[in-house]
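Colleague: Please give me a close look at one part of this predicted model, the stretch that carries a UniProt annotation. After that, please show me a few other places to stop at with the viewer open.

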Amino acid sequence: MSELSSVAWDFDSPIYPKTASSPSVHNHFSPDLQAERDHCAYGTGSFLQDGYTNLTIDVHLNWLFLPWHRMFVYFHEKILQKLLGDPEFSLHFWNFDNSVTATPRHGSRGCYFKAGHFVPPMYNDPSKATFEANRSIRAFDPNRAVDYVDYVYNWNPLMVPPAWPNNTVEEQTRMKREVMHRSMITLANTTNFIGKTYRVGDAQILIPAVGAGTIELVPHNTLHAWIGGWMLQPITAPIDPLLYPFHANMERLWSVWRKLGYGNDDPTDPDWLDATFLFWDENAVMRRVKVRDFLDLNALRYRYEKVNDASWIFFDNSTSPSAP
Ligand SMILES: [Cu+2]
């Protein structure tokens with residue numbers, strides 16, 4: 001996968017074929033619709049667990065979040081490869097966490113100019129099939145950088161936001177770096193990072209701060225809220241093409257976390273490793289896949305373009321306004 005930051009993007013490379021959609025009706029096509037059904041089936045608590053009449057299943061707010069969404073993105077990518085007739089096609093990732101200063105500057109005020117802090121232009125251009133009108137106004141305003149620091153932040157008492165009183169660009173940026181640092185490092189031992197255990201017989205977890213892993217809670221949940229529109233609800237989020245590069249970056253962040261050290265490693269609990277899901281593959285064959293089959297990125301033939309994660313990895317809690 002390659003980086004999809006607003007500075008590195010090639011404007012002329014549509015992920016979706018331009019002919020596949022009619023902007024006046026829908027700006028997405030069938031893989032999204034199938035994805036919507038998959039996500040709805042597993043992601044809204046609409047199914048009962050086997051053998052129970054009162055327990056539902058959900059892949060959010062628990063330890064299934066990261067592996068299930070990796071499967072989801074994987075099959076989506078496979079289906080697009082098939083439709084495009086291009087086995088080399090790969091989804092981009094939108095590394096919204098990239099707070100390195102970008103050139104050129106963005107916006108009429110020329111103020112928020114961090115590389116990953118904007119909805120990538122291809123997804124904000126009404127002439128592209130990757131555009132979606134049903135988003136919050138925030139996602140269209142070049143003067144408003146992505147914000148994964150909002151009131152939702154307070155859902156987890158461990159993650160009370162740092163106080164940066166003057167709200168300058170650099171303070172905003174430092175706050176975002178600190179958020180990433182907390183979600184990926186400070187608070188991110190295996191249990192906290194992957195999310196709460198969730199086994200057959202367990203009640204669906206409904207309170208984000210109770211079950212979600214650190215990056216599911218922030219920035220994932222908060223960015224869904226920031227983008228708004230279809231992205232506000234699991235049942236509709238797959239309609240917005242932005243979901244896929246967004247989640248591709250979530251999966252990338254998981255792989256970054258694994259490499260950070262600190263004893264970071266995936267759970268070894270068989271209830272997690274053998275959790276099994278059904279997905280349609282690129283040949284319209286229903287596949288039964290396990291979490292354990294989606295942990296080795298080499299086996300999946302995934303490789304991520306190297307990008308700059310250093311700004312939040314080495315966040316040092318300094319308050320110097322001149323820090324990068
Ligand atoms: Cu989801």
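Modeller: Happy to. One definition before we begin: a helix here is a DSSP run of H or I with at least four residues, a strand is a run of E with at least two, and both are numbered from the N terminus. By that rule the chain has nine helices and six strands. Please keep in mind throughout that this is a predicted model.

Your stretch is residues 60-77, which UniProt lists, in an unreviewed entry, as "domain: Tyrosinase copper-binding". In the model, those residues are 72% helix and 0% strand, and the C-alpha atoms at the two ends are 21 Å apart. Helix α2 covers residues 65-84, and its partner to look at is α7, residues 243-259. The axes of α2 and α7 are 10 Å apart and meet at an angle of about 130°, so the two helices are oblique to each other. The crossing of α2 past α7 is left-handed. On the α2 side, the contact is made by L66, H69, R70, V73 and H76; on the α7 side, by Y244, H247, A248, M250, E251 and W254. Sorted by class, this contact has six nonpolar, three polar and two charged residues.

Now step back along the chain to D58, in the loop between β3 (56-57) and α2. D58 has 21 C-beta neighbours inside 10 Å, and because the cut-off for buried is 20 or more, D58 counts as buried. Beyond its neighbours within four places in sequence, D58 is in contact with G43, T44, G45 and Q204. Try picking L206 as well: L206 is 148 residues from D58 along the chain, yet their C-alpha atoms are separated by 9.3 Å. For the chain as a whole, among contacts with a separation of 6 or more, 69% join residues 24 or more positions apart. Buried residues make up 43% of the 324 residues.

For a second helix pair, go to α3 (residues 169-186) and α6 (residues 214-227), whose axes are 8 Å apart at an angle of about 155°. The helices α3 and α6 are therefore roughly antiparallel, and α3 passes α6 in a left-handed crossing. Here V179, S183 and M184 of α3 meet T214, I215, V218 and P219 of α6. By class, that contact contains five nonpolar residues, two polar ones and no charged ones. While you are there, look at the backbone between V218 and P219: the peptide bond joining them is cis, with omega about 15°. P219 itself is in helix α6.

Two loop residues round off the tour. A284 is in the loop between β5 (276-280) and β6 (286-290). Its phi is near 60°, a positive value in a residue other than glycine. A284 has 9 other C-beta atoms within 10 Å, so it is exposed. Further on, R301 lies in the loop between β6 and α9 (310-313). R301 is not a glycine either, and its phi is also positive, at about 60°. With 8 C-beta neighbours inside 10 Å, R301 counts as exposed.

Notes: Residues numbered from 1 in each chain as written. Predicted model: local features only at pLDDT ≥ 70, side-chain atom pairs only at ≥ 80, totals over all residues. UniProt positions renumbered as here; feature names shortened; annotations may be inferred. Buried ≥ 20, exposed ≤ 12 C-beta atoms within 10 Å, placed from the backbone. Contact = placed C-beta atoms within 7 Å. Axes fitted to C-alpha atoms, helices over the stretch in contact; angles between N-to-C directions. Parallel < 35°, antiparallel > 145°, perpendicular 65-115°, else oblique. Left-handed = near helix turned anticlockwise from the far one by under 90°. Nonpolar A, V, L, I, M, F, W, Y, C, P; charged D, E, K, R; others polar.
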